[in-house]
Amino acid sequence: MSEGNILKIRKVYDAFLVEFPLCYGYWKKYADHEARLGSMDKVVEVYERAVQGVTYSVDMWLHYCIFAISTYGDPETIRRLFERGLAYVGTDYLSFPLWDKYIEYEYTQQDWSRVALLYTRVLENPNQQLDRYFEGFKELVANRPLSELRTGEEAAAAALENSENGGQEVEGENLPNAVEQSSKPVSASLKDAEELEKYIAVREEMYKKAKEFDSKIIGFETAIRRPYFHVRPLSGVELENWHNYLHFIEGVGDLSKVVKLYERCLIACANYPEYWIRYVRCMEASGSMDLAENALARATQVFVKRQPEIHLFAARFREQHADVAGARSAYQLVHTEISPGLLEAIIKHANMEHRFGNLEDACSLYEQAIAIEKGKEHSQTLPFLFAQYSRFLFLVAGKVEKARDILDQALENTLLSKPLIEALIHFESVQSLPKRMDYLDSLVDKFIVPTADNPNVASITEREELSSIFLEFLDLFGDAESIKKADDRHAKLFLSHGSSPESKKRLAEDYLISDKTKLAKSSLPSSAPSVMGAYPNAQNQWPAGYGLPQGWPQVAQGQAQQWTPGYAQQSAYSAYGAYGTGYPQQQVPASVPQNAAYGAYPPTYPTQAFGQQSYAQPATAATLTPAPQSSAVPPTAYYGSYY
């Protein structure tokens with residue numbers, strides 16, 4: 001519709017590529033439009049932005065180099081561009097298209113020493129076309145003399161070696177002239193043959209070592225079905241393969257290989273916070289904090305910037321590195337923009353404030369969140385907020401009466417729910433005698449026995465589980481009469497439906513301790529998604545089927561509380577702006593600066609200097625550039641609108 005309007009075309013492509021910089025095909029289309037309607041300078045500008053946005057894409061560098069070959073007449077300019085690309089993607093298992101184009105170009109220049117050198121370099125690392133390159137190298141050697149294949153440095157080294165060998169022979173000449181005359185010197189052709197054999201043997205050894213490593217990674221490589229970026233989710237098999245591949249390469253101990261594989265992974269898995277988190281942790285563990293900061297900045301500002309788990313990780317990461325203001329800003333961003341009312345963010349933020357001795361601020365976070373949720377009709381979050389706040393006051397602040405008051409307030413402000421009654425049962429279980437047996441029994445009865453005046457919307461499974469929990473509580477603290485009353489009620493309501501084996505086998509000690517292994521269930525409705533998938537190592541202190549933690553006394557003071565259920569984003573939460581209003585807000589740029597220098601991305605974080613790493617770096621590319629967004633597990637309904 002606007003094929004002749006370059007200004008409109010630029011506007012659309014710029015807006016799209018800010019959000020999806022890894023779509024190399026659209027960078028190519030953008031450059032083609034500029035070539036058709038704009039100037040060559042604009043084409044170069046687009047390609048430079050492209051290799052900044054998707055630095056580890058073989059295809060992007062290939063398109064740029066093809067453009068350079070067709071545009072520039074200076075071979076050195078073209079070679080510099082090829083070398084820039086190879087510094088990033090030359091060891092990629094699928095980098096053969098770029099190597100092919102470079103070798104093809106040098107063939108047209110008939111610079112045989114450069115061709116031979118390219119074959120030598122490509123044989124050093126595993127490559128999908130490694131066998132073909134070795135055959136191509138042997139064919140080149142068979143058709144060109146060794147003198148044309150050696151570089152100037154190689155020829156000089158060979159000459160020096162020959163002169164040293166010749167000098168040793170002269171020093172050892174003590175035979176009579178007759179004997180000397182009878183021993184003919186080795187012919188020049190024989191020497192040439194020996195040198196050629198040695199020249200080939202060195203490359204063949206490289207090839208064999210590369211093939212040996214190739215045999216170790218071929219299984220991982222062949223399992224990668226989609227090495228490029230796409231918004232559609234990857235299969236679980238492919239995601240697991242990336243984790244296994246990364247684990248293997250990390251064990252090799254070569255930082256260059258580790259970084260480059262992570263960057264390859266984060267093209268295909270850019271929408272999955274778990275891989276960004278893993279990358280940051282790996283770089284942190286290796287002492288490469290610049291790389292860790294760069295990856296975290298790209299994740300939080302571009303690729304998974306709308307997903308709360310990356311910001312919760314960023315907050316914890318900042319706190320661990322003594323950046324308290326940065327941690328608060330990350331939490332504030334979740335409270336106000338990313339996922340207002342997210343319980344996990346409130347809990348973790350409050351726990352952090354307590355760790356820094358700000359108990360009043362921690363309580364304020366809960367109280368503000370409760371006040372906001374009270375203003376909503378049928379808030380799913382409110383019962384959990386009350387329960388968590390009570391737990392926090394009891395375990396951390398030691399305020400028993402206030403903790404009980406909070407739970408009583410919850411009953412006045414929310415509908416009866418399994419998590420809330422369960423919280424009351426747990427709270428009473430750790431208090432001194434006498435227990436509020438009759439009070440708890442009345443609440444349980446009201447919840448599990450539907451009447452015309454009180455039609456309970458809870459599922460039969462929830463009601464049966466709560467009844468079982470109360471029976472266990474009574475078994476510990478009740479008398480025979482109260483136990484019989486509850487037991488009869490349970491049998492009347494649930495035995496006719498056939499109790500689940502899980503409900504029958506639940507033990508008292510199972511409900512009194514914090515079982516960190518039961519992560520499968522949630523107290524929220526099944527439609528409520530989880531945001532905990534990005535933290536595969538997170539330990540949940542809440543048993544399956546329970547909305548609140550078992551065995552409160554076992555939780556250490558000040559320990560960060562984990563929350564399994566996540567909550568869908570809610571749009572109108574302006575009141576959450578009151579959280580930590582004195583904290584500096586994290587600035588999240590709406591777009592990537594288009595005039596940024598190559599490799600300088602993003603501007604608000606220190607960029608990483610490749611020169612400090614163990615791998616080669618082109619002189620014009622001083623820093624690591626971004627490589628885009630996804631869920632930690634195959635996307636749930638939480639991210640449905642985003643995909």
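Here is a chat between a visitor and a guide about salt bridges and one helix in this predicted model.

Guide: Ground rules come early: residues are numbered from 1 along each chain as its sequence is written, and side-chain values use heavy atoms, with hydrogens and water left out. Because the model is predicted, local features need pLDDT of at least 70 and side-chain atom pairs count only at pLDDT 80 or more, while totals for chains, interfaces and linings use all residues.

Visitor: Why is the meeting of Asp32 and Lys28 called a salt bridge?

Guide: A salt bridge is a side-chain nitrogen of Lys or Arg within 4 Å of a carboxyl oxygen of Asp or Glu. For Asp32 and Lys28 the N to O distance is 2.8 Å, so the pair passes that cut-off. The structure holds 41 salt bridges.

Visitor: How are Asp32 and Lys28 placed in helix H2?

Guide: They sit four residues apart in H2 (residues 24-37), about one helical turn. Helices here are DSSP runs (H or I, at least four residues; strands are E, at least two), numbered from the N terminus. In general, an α-helix has 3.6 residues a turn, so residues three or four places apart point the same way.

Visitor: What makes Asp32 count as partly exposed?

Guide: Buried means under 20% relative accessible area, exposed over 50%, and partly exposed in between (1.4 Å probe, protein chains only). Asp32 comes out at 37%, and Lys28 at 24% is partly exposed too.

Visitor: What makes Glu221 and Arg264 a salt bridge?

Guide: Their closest N and O atoms are 2.8 Å apart, which fits the cut-off. The pair links distant parts of the chain, 43 residues apart: Glu221 is in helix H12 (residues 188-222) and Arg264 in helix H14 (residues 255-268). Glu221 is buried at 7%, and Arg264 is buried at 10%.

Visitor: Which parts does the salt bridge between Glu319 and Arg355 tie together?

Guide: Glu319 belongs to helix H17 (residues 308-320) and Arg355 to helix H19 (residues 343-355), so parts 36 residues apart in sequence are tied together. The closest N and O atoms of this pair are 2.7 Å apart. Glu319 counts as buried at 14%, whereas Arg355 is partly exposed at 33%.

Visitor: How do you know that the span of helix H3 agrees with what it should be?

Guide: The expected span is 1.5 Å times one less than the number of residues. H3 (residues 40-53) has 14 residues and should span 20 Å; its end C-alpha atoms are 20 Å apart, so the two agree.

Visitor: What covers the buried residues of H3?

Guide: The cover includes helix H1 (6-19), H2, helix H4 (58-71) and helix H5 (75-89), where contact means heavy atoms within 4.5 Å. Among the buried residues are Val43, Tyr47 and Arg49.
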